[in-house]
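Thanks for coming, everyone; I would like to walk you through one model this morning, going from a single helix outwards to the contact between the chains. Please keep the structure open in front of you while I talk.

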Amino acid sequence: MRSSPIGRTAGALFAALSFAAGLAAAQSPAVVAKEVDLAQQQQSQQAVQPLNNQPVWKEIRSGVPQITTVQGRETNILIQSQGETWRAVRVPIAFWGGLLFALTVGGLAAFYMIRGTMSTQVKPGDRVIERLTPADRYAHWLMAIVWVTLGVTGLILSLGKSVLLPLIGYTLFSWLAVLAKNLHNFIGPVLIVAVPWMIVRFIRYNGISIDDFRWFAHLRGYFKGEEYPSGKFNAGEKLVFWLVLVVLSTTLVVSGLVLVFPNFDQTRSTMQVANVVHMIAAYVAIALACVHIYLGTLGVSGTYAAMRDGYVDATWAEHHHLRWYEDVVAGRAREQFVQREAAPVAVAAARAKPA
Amino acid sequence: MARMKFLCDAERCIECNGCVTACKQEHDIPWGVNRRRVVTINDGVPGERSISVACMHCSDAPCMAVCPVDCFYRTEEGIVLHDKDLCIGCGYCFYACPFGAPQFPQAGAFGVRGKMDKCTFCAGGPEANNSDAEYKKYGRNRLAEGKLPACAEMCATKALLGGDSDVLSDIYRERVTNRAARGTPSMPPWGWDTAYGRPEAPKQPAAPPGGAKS
């Protein structure tokens, strides 16, 4: 069972991320020496103080594997103490993670009510630009559908007990949780393809320069309609690429694979560590993804067209991605201006604010 | 109201696995699932001890705390039971339990585990007492029949006791008192020393136990 190719790959992954620390420790000579030492202590103890099994209980609590005839996962460990640690660690993670999610959604809702959809100050023009090729958009849509499904089901599983269960009752919530668990577990592994595909398609747009730091320094301007000039992708989008996609989604895929394939006999401590990593990465990534989705749809007029049709209004590009627009004007960019009527799809004009 | 508990006397357990067999037989438990197991510490070395372990029906049960659908409940007798109709098979109780009590019929790819199964203290589940549905999901409900758990009742050396905490405490206190008071310091009235003789202190340097283990 352990010699299958997937098993070997999974094993290598664990080792690479130090998830196998528990396994390795249990097999290293040092622990066996400790076991020998405790066995000798027990022997001495019985000679001087019969009926006092203190060394035995000490050995049990140390988590050293023992002997049992019952087959199964870790049946030879009488007491695993780290389960209590895992239980305790989950509480603050779920609390702060849930709070982060609630504040993000609430903050975006409040922002929308105050500021509304941010529009460009100029009238829509006759020209459009192909911002994203179909291949870029397919990669992003696969990512978006899978990721949002995983985010929603993950939130149901982690926060549902506190939030949904009191509202909809045990039976209905159990059905919902079964659905959420199976969607999460079967759709999750799609990210093995979706994450690298997305990284390969988009990394060319996400080079970091000093301008990106300046963009963040002028973040207030972004919300006032006076954006710091950015290239094809602004620094906020680059943050989403590097942090949410490259760092956090990769972490989520690796830790998720540890959890979703219990058939490789990984130990409980391995899965506890993977679960904690998965939870922390997920809450941070979900909060950032909420902002990303808001700005890509409701938040900024005309932006969603880039993902829906691939084409954006030229005035939208001028307003939100000035450096890129200048490159298109100068012919330095891969993209070219296209007359609105000549575009292969009907491009919705970005809503303009009455000047 | 009684507070039900298990107690395993390490001085008496002889690792016969009678409790494991009794449990499997009583509840018709499928292959691969063992609600109870016996673990031996320092096997084959003088001073070895065995402990039988199953769900300990904790007062502050970790499984109950981490279950995402809240399928666990505690009876008036302090027994921790669960509702298999609500269980989604996520495995969190298995991560949290210190005793390795929660069992799953499968450990398949994509997290397919089936419904969790564990020791019920022979008290069944949420279905009607001694109904077919209860037997199929949780095994026999011996407590409803006025009997104690099958494992403890079957134990040949009475190492494993199951029942009301007060009664168990009295029995164990009496045992401990008599162990010290009767017999001589070099030869207690019963237990490991009586059966196998008093172990000698290890000679220095002592040979590693089990020989091939290291």
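**From one helix to the interface**

Let me begin with α4(A), where P55(A), V56(A), E59(A) and I60(A) are buried. If you look down the axis of α4(A), those buried residues fall within an arc of 140°, so they line one face of the helix. After α4(A) comes G63(A), and the phi of that residue is positive, near 80°. I should say at this point that what we are looking at is a predicted model, and everything I quote today has been computed from it.

Stepping back to chain A as a whole, its secondary structure comes to 16 helices and four strands, and buried residues make up 35% of its 355 residues. If we take the contacts in chain A between residues at least 6 apart in sequence, 74% of them join residues at least 24 apart. The domain assignment divides chain A into domain 1, covering 5-61, and domain 2, covering 82-342, and the centres of these two domains of chain A, taken over C-alpha atoms, are separated by 43 Å.

Now to the second chain, and to the question of how many residues of chain A are in contact with chain B. There are 54 of them, and they meet 55 residues of chain B. On the chain A side, the elements that give two or more residues include α3 (29-48), the α4 helix we started with, β1 (67-68), and the helices α5 (82-115) and α13 (268-299). It is α3(A) that gives the most to this side, with nine residues. By residue class, the side of chain A that touches chain B divides into 25 nonpolar, 21 polar and eight charged.

One part of that contact is a sheet shared by the chains, an open one of three strands in the order β1(A)-β2(B)-β3(B), with antiparallel pairing. At its edges stand β1 of chain A and β3 (49-53) of chain B, each with a single partner strand, so one side of each is left without a neighbour in the sheet. Two bridges join β1(A) to β2(B), the strand of residues 37-41, and here I67(A) stands opposite T40(B). Five bridges join β2(B) to β3(B), with V39(B) opposite I51(B) and V38(B) opposite S52(B).

Is β3(B), an edge strand, buried or exposed? Five of its five residues are buried, so β3(B) is largely enclosed by the rest of the structure. Both of its faces are covered, with R49(B), I51(B) and V53(B) buried on one side and S50(B) and S52(B) buried on the other. As background, in a regular strand the side chains alternate between the two faces of the sheet.

Finally, the nonpolar cores. In the largest, which has 90 residues, the members that touch the most other members are A285(A), C63(B), C67(B), C93(B), A96(B) and L160(B). Helix α12 (residues 235-260) of chain A gives the most to this core, with eleven residues. Leaving aside residues up to four places away in sequence, C93(B) touches C63(B), V66(B), C67(B), P102(B) and M116(B). Apart from this core lies another, of 13 residues, among them I129(A), L132(A), W324(A) and Y325(A).

How values were computed:
Residues numbered from 1 in each chain as written. Chains lettered and ligands numbered in written order. Predicted model: local features only at pLDDT ≥ 70, side-chain atom pairs only at ≥ 80, totals over all residues. Contact = placed C-beta atoms within 7 Å. Nonpolar A, V, L, I, M, F, W, Y, C, P; charged D, E, K, R; others polar. Pairing = 2+ DSSP bridges. Core = buried A, V, L, I, M, F, W, Y, C linked by C-beta atoms within 7 Å. Buried ≥ 20, exposed ≤ 12 C-beta atoms within 10 Å, placed from the backbone. Domains from an automatic or database assignment. Arc of directions from axis to C-beta.
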